[in-house]
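Here's a quick briefing for anyone meeting this structure for the first time. Have a look at it first, then read on.

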Amino acid sequence: MSSDSSSSISNDGSTDQNPNPSPTAKPLDSLQDRLASIALTEPNGGAESPSDQEPQAGVANGSFSEEIQEVVQNNQAAGSEAVVEEVSESFTHGVVWRDNSEHEVDAPSSPSSSGYAGERGSSSATSESGIGEGGEDEIREVRNDDSVDGVSDLQQSWVPGKRHVDEDDASISWRKRKKHFFILSHSGKPIYSRYGDEHKLAGFSATLQAIISFVENGGDRVQLIRAGKHQVVFLVKGPIYLVCISCTEEPYESLRSQLELIYGQMLLILTKSVNRCFEKNPKFDMTPLLGGTDVVFSSLIHSFNWNPATFLHAYTCLPLAYATRQASGAILQDVADSGVLFAILMCKHKVISLVGAQKASLHPDDMLLLSNFVMSSESFRTSESFSPICLPRYNPMAFLYAYVHYLDVDTYLMLLTTKSDAFYHLKDCRLRIETVLLKSNVLSEVQRSLLDGGMRVEDLPVDTSPRSGILSAHLGQHKPPTDSPETSREECIGVGGPFGLWHFIYRSIYLDQYVSSEFSPPINSSRQQKRLYRAYQKLYASMHDRGVGPPHKTQFRRDENYVLLCWVTPEFELYAAFDPLADKALAIRTCNRVCQWVKDVENEIFLLGASPFSW
């Protein structure tokens with residue numbers, strides 16, 4: 001959340017079982033050394049996420065103007081929770097632990113702790129103050145936009161895979177990374193780390209395990225620690241621990257959701273049955289089972305910076321003519337009737353058509369993880385593949401079998417079944433599907449849509465009357481009426497859409513689908529797009545925060561970067577970004593026009609007729 005509040009660990013009443021307890025309880029002095037090692041250095045520069053300011057007052061007009069309310073964020077936790085508060089940023093005065101009875105116990109300080117170094121005692125470990133003062137000539141500076149030497153992760157040249165494997169917790173450059181992800185076992189063995197070599201981070205993983213075990217031994221569960229601008233978010237899944245350390249100012253709910261997706265990606269590869277291995281051997285090393293999957297996890301983590309599906313829990317469709325989508329859906333339905341559990345046709349991360357067997361439902365998060373797994377694995381591109389996969393939301397304990405085949409460089413077909421010997425049957429199904437798609441020109445229309453793009457704010461009709469223009473056969477090519485001057489369209493070029501509209505995301509709650517407008521000036525750089533994406537994250541988290549009373553219906557926010565407007569109804573959610581000087585009443589009316597525009601072209605942008613997915 002964007003508002004400042006006391007550091008807290010929120011207990012959401014999760015039904016996950018408690019992990020196995022630590023074999024031995026750590027002495028308090030030793031544990032304090034580990035806690036002190038969590039003090040992080042502040043990277044240079046300010047936060048890239050927009051700050052929340054009080055929206056301007058005014059009287060709004062429009063169909064939902066009376067619902068607009070000025071929202072004050074409040075993310076203080078309530079209930080019986082364990083609270084860990086930072087006494088000083090370098091932990092030189094110890095840590096205050098609070099339980100439900102509000103008694104405070106000052107743990108002794110640890111003068112020997114240093115940054116991320118933990119208990120390694122490395123001579124190369126640098127103190128917190130030293131990291132910010134020196135060493136800039138020895139390493140590449142990590143900037144606010146997560147770029148190194150000016151090369152942004154969001155650029156097309158981004159290549160997935162393990163990065164900076166030569167770093168460890170004693171490296172200055174490793175400590176300056178703005179966002180870390182870790183997976184470790186309940187015995188403290190490292191399983192995965194976004195940066196650095198897992199084997200070199202064994203001591204740091206033991207530190208994280210000790211923190212979790214210490215709180216659990218007190219009868220509670222640690223979920224969040226704040227240290228200055230850093231958040232340390234914990235997610236316990238049986239014998240698997242997941243941790244995110246971030247100073248990106250993303251809300252806690254978003255970071256926890258990202259850890260859930262990382263855990264789901266691991267289950268997609270291994271299933272939840274891996275827990276039985278830890279029951280037999282608490283010191284079981286799971287790393288070999290995930291060998292070669294670094295590219296899958298790094299690709300998923302990268303999507304946290306650009307893919308709205310990671311926080312909306314919905315999927316998006318490739319814009320296509322209704323007849324084209326119906327033609328692809330008809331042949332997939334024929335295949336599903338022959339014993340296929342799910343038949344999915346996708347272009348990159350967008351769905352073309354999706355069909356499931358009767359009473360079978362596919363969660364959008366499973367679609368996200370499955371498409372990430374396929375797109376990040378080169379082996380799927382080179383030949384037809386038949387691979388065991390697990391859909392965590394469908395059945396986390398069992399494998400399904402996925403037949404994957406790329407029909408062209410961007411379009412691929414996934415056929416899922418419960419039978420391990422169905423390869424040749426699925427291959428025959430694929431041949432039938434491919435023949436129909438070629439004859440009906442579906443694949444050529446898919447490539448054309450990919451080039452044309454989706455909805456653009458510049459094409460938003462400024463008049464709802466029939467004279468406002470018509471949509472061509474391809475979305476995004478709005479034609480002005482013949483008697484309207486071309487200058488009316490030219491005025492929108494370079495300044496976004498009408499009335500300062502820069503971007504929007506529309507989510508259909510019933511369909512579990514969303515549509516996002518294409519980025520256009522002035523939001524045309526990867527850094528600006530990433531900043532807007534994180535602003536949407538904060539807006540979504542604040543609108544769905546269950547700890548602040550009844551859910552909000554609308555929210556209007558103005559800061560130095562944008563005007564953000566959110567509207568939540570039982571049917572849809574709309575998130576829109578405007579010029580920071582945009583008028584409030586005009587912004588509301590523009591959102592109404594966006595909703596009407598989406599309704600007018602829903603046959604092209606949504607997969608209609610699809611059953612709502614189970615949550």
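How many residues does helix H12 have, and how far does H12 reach from its first C-alpha to its last? H12 (residues 423-439) has 17 residues and reaches 24 Å, close to the 24 Å expected at 1.5 Å a residue; that expected span is 1.5 Å times one less than the number of residues. Bear in mind that this is a predicted model: local features need pLDDT of at least 70, side-chain atom pairs count only at pLDDT 80 or more, and totals for chains, interfaces and linings use all residues. Residues are numbered from 1 along each chain as its sequence is written, and side-chain values use heavy atoms, with hydrogens and water left out.

**The whole chain**
- The protein chain has 17 helices and 20 strands; helices (H or I, at least four residues) and strands (E, at least two) are DSSP runs, numbered from the N terminus.
- Buried residues make up 57% of the 615 residues, where buried means under 20% relative accessible area, exposed over 50% and partly exposed in between, with a 1.4 Å probe and protein chains only.
- Of the contacts (heavy atoms within 4.5 Å) with a separation of 6 or more, 69% come from residues 24 or more positions apart.
- There are zero disulfides, a disulfide being a pair of cysteine sulfur atoms within 2.5 Å.

**Helix H12**
- Leu-426, Cys-429, Arg-430, Ile-433, Glu-434 and Leu-437 are buried in H12.
- These residues sit on the same side of H12, because they cover an arc of only 135° around the axis; the arc is that of the directions from the helix axis to the C-beta atoms.
- As a rule, an α-helix has 3.6 residues a turn, so residues three or four places apart point the same way.
- Tyr-424, Leu-438 and Lys-439, on the other side of H12, are exposed.
- The cover over the buried residues of H12 includes helix H9 (322-336), strand E11 (385-389) and helix H13 (442-452).
- Cys-429 has a relative accessible area of 1%, and Cys-317, also buried, has 4%.
- Just after H12 comes Asn-441, with a positive phi of about 60°.

**Helix H5**
- H5 (residues 252-270) has 19 residues that should span 27 Å, and its end C-alpha atoms are indeed 27 Å apart.
- The rest of the structure largely encloses H5, because 17 of its 19 residues are buried.
- Thr-271, just after H5, takes a positive phi of about 70°.

**The five-stranded sheet**
- This open sheet runs E5-E4-E8-E7-E6 with antiparallel pairing; two strands pair if DSSP finds at least two bridges between them.
- Strands E5 (190-193) and E6 (224-227) stand at the edges with a single partner strand each, so one side of each has no neighbour in the sheet.
- From one strand to the next, the twist averages 15°; axes are lines fitted to C-alpha atoms, for helices over the stretch in contact, and angles run from 0 to 180 degrees between N-to-C directions.
- Seven bridges join E7 (residues 230-237) to E8 (residues 240-246), and Val-236 has Tyr-241 as its bridge partner in E8.
- Helix H4 (residues 202-217) lies across E4, E5, E6, E7 and E8, at about 75° to E4.
- Helix H7 (residues 294-303) lies across E4 and E5, at about 50° to E5.

**Strand E11**
- Ser-385, Ser-387 and Ile-389 point to one face and are buried, while Phe-386 and Pro-388 point to the other and are not.
- E11 and E12 run antiparallel, joined by five bridges, and the bridge partner of Ile-389 in E12 is Leu-400.
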